[in-house]
Amino acid sequence: MRRLLLLVTPALLFGVGLKSLLEDAKEGNDLLLSSKLTQDAKAKDVDSKTSAYFPTIDIGGFYQSLDEKTPMQAGDIYSGFAKASLDIYDGGKKSSLLDQSKSEYKASEYDTKEMRRTLSLDITQTFYTLKSLHASLDAKEDAKKSLDEQLSRVKTYFEAKLATKDDIDRLQAAYDTNMYEIESLKLQILSNLKLLELKVGKKVDALDDSSFKEVLQDEMLQSDAISSLMAKESGVLFGAESMMSLYYPQIKIEDSYNLYGYKRTDLTHPEGLENQNKVLLSANMRLFDFGTMSDAKQSMMLSAKALNAQIAFKTKEQKMQYELAIARIDTSKMKIKSAYSALNSAISAYTTIKEKYKAGIVDYVIYLNALTAQTSAQAMYETSLCELEMAYASYYYYSGRNLEEFIK
């Protein structure tokens, strides 16, 4: 229990702010690290496709031994060779594959950026959820003190025969209900704190206060998720082009140099050449394959159309969420005004009713209602402040910006 209290009690002296959490997540989040490694893999694939333009050099050799020697051929022949090859023309296959690889790399860059931005939004929402839960917990703790005070007071009156057992039972029920809600809030705080630690990739003991600047943007930037889909669509189209390269001439030149050695030779099994240089120029072109490559191209074109449909949907979704975020900001501001007014009224009412309750002018029902109203108003006000910060986070996210730039 003591460990749980340490986890859920704010320690402002050692608290960490939202901006620090977002910076830590860039290095500590495992999913983000995975995305970066995928991006590095795509970069290596681009290097691989670029290297395909250069000549290839192979070396090799063989040893041949015949138990019954073939006429006019040595019994043992061994050879070593070196061969250089270069594709003179491949119908644009290498070019298309390189462009495809570059598009896939660009898409992986956008995927990493989008994951980082999405992670920042998730962390922000968890951060302010924790702030809201802490505010509710503080309100419940204040209510606990008041209930404990009044319960002790009524018990004293009961001993003096000035109150009934019924008065004690009702206050005790309210106290126990409040304690139940406190323990529930502590568990919610612990759950969200562990979730935050998982996203950030490090232990978080307490949270500092953080807020966003109010900087409304003139335009909405295209999200990295949409840019990624567009790059993937380009990659698929380049892949489709590479399919058709087989219908064009494939011209290749090879130059090989061989060294030969012989054993078990005689007049009828003479030695052959000691060395030989061979230049080979070859060309081939596919005339007919029952439409295999054509069908493969059509398949990839349909995949590109599918990606295009996703782009259209994501564009509409971003615009919708952007507009909703603006409305959410306006609504949150109005909720704060209403919650602040309700809190002041609830505090004033509770202060008055508390004194009347002590004087015996009102009963415990009115007192408990006033206490509950104050507790709820206090939590509602703090929650509305957190909702405004989350609304700003959503707005900056859907406007295509990085959240870290707008944290005070």
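## A tour from helix 7 to the second largest pocket

Begin by selecting Ile-347, which counts as partly exposed because its relative accessibility is 36%, a value between the 20% and 50% limits of that class. Bear in mind throughout that the model on screen is a predicted one. Ile-347 is found in helix 7, and if you add Ala-370 to the selection, you have two residues that stand 23 apart along the chain, with their C-alpha atoms separated by 8.6 Å.

Next, turn to the aromatic rings, for which the count comes to 12 pairs. Select Tyr-128 and Phe-212, whose ring centres are 6.5 Å apart and whose planes meet at 45 degrees, so that the pair is tilted. Tyr-128 belongs to helix 4 (residues 93–159), while Phe-212 lies in the loop between helix 5 (165–200) and helix 6 (224–243), and the pair therefore ties together parts that are 84 residues apart in sequence. Both Tyr-128 and Phe-212 are buried.

Now move the selection to Tyr-350 and Tyr-367, an aromatic pair that is likewise tilted, with 5.8 Å from centre to centre and 40 degrees between the planes. Because Tyr-350 lies in helix 7 (residues 292–358) and Tyr-367 in helix 8 (residues 364–398), this pair ties together parts that are 17 residues apart in sequence. Tyr-350 is buried, as is Tyr-367.

To see Tyr-128 and Phe-212 in a wider setting, select one aromatic cluster that they form together with Phe-127, Tyr-322, Tyr-392, Tyr-395, Tyr-396 and Phe-406. A contact of another kind appears when Arg-153 and Tyr-357 are shown together: the charged end of Arg-153 sits over the ring of Tyr-357, at 5.3 Å from the centre of that ring.

The last stop is the second largest pocket, which has a volume of about 310 Å³. To find this pocket in the viewer, select Glu-114, Ser-223, Ala-225, Lys-314 and Tyr-397, which, of the 15 residues in its lining, lie nearest its centre. Which elements give two or more residues to that lining? They are helix 4, helix 6, helix 7 and helix 8, and colouring by element should help to follow them. Helix 6 gives the most to the lining, with 5 residues. If you then colour the lining of the second largest pocket by class, you will find 6 charged, 5 nonpolar and 4 polar residues.

How values were computed. Residues are numbered from 1 along each chain as its sequence is written. This is a predicted model: local features need pLDDT of at least 70, side-chain atom pairs count only at pLDDT 80 or more; totals for chains, interfaces and linings use all residues. Side-chain values use heavy atoms; hydrogens and water are left out. Rings of Phe, Tyr and Trp (its six-membered ring) pair if their centres lie within 6.5 Å; planes under 30 degrees apart count as stacked, over 60 as edge-to-face and the rest as tilted. Helices (H or I, at least four residues) and strands (E, at least two) are DSSP runs, numbered from the N terminus. Buried means under 20% relative accessible area, exposed over 50%, partly exposed in between (1.4 Å probe, protein chains only). A charge sits over a ring if NZ of Lys or CZ of Arg is within 6 Å of the ring centre and within 35 degrees of the ring normal. On a 1 Å grid over the protein atoms alone, a cavity is a set of points where a 1.4 Å probe fits but cannot get out, and a pocket is an open set with protein on both sides within 12 Å along at least five of seven lines; lining residues have an atom within 4 Å of a point. Grid points are joined across faces, edges and corners, and a volume is the space filled by probe spheres set on the points. Ala, Val, Leu, Ile, Met, Phe, Trp, Tyr, Cys and Pro count as nonpolar, Asp, Glu, Lys and Arg as charged, and the others, Gly among them, as polar.
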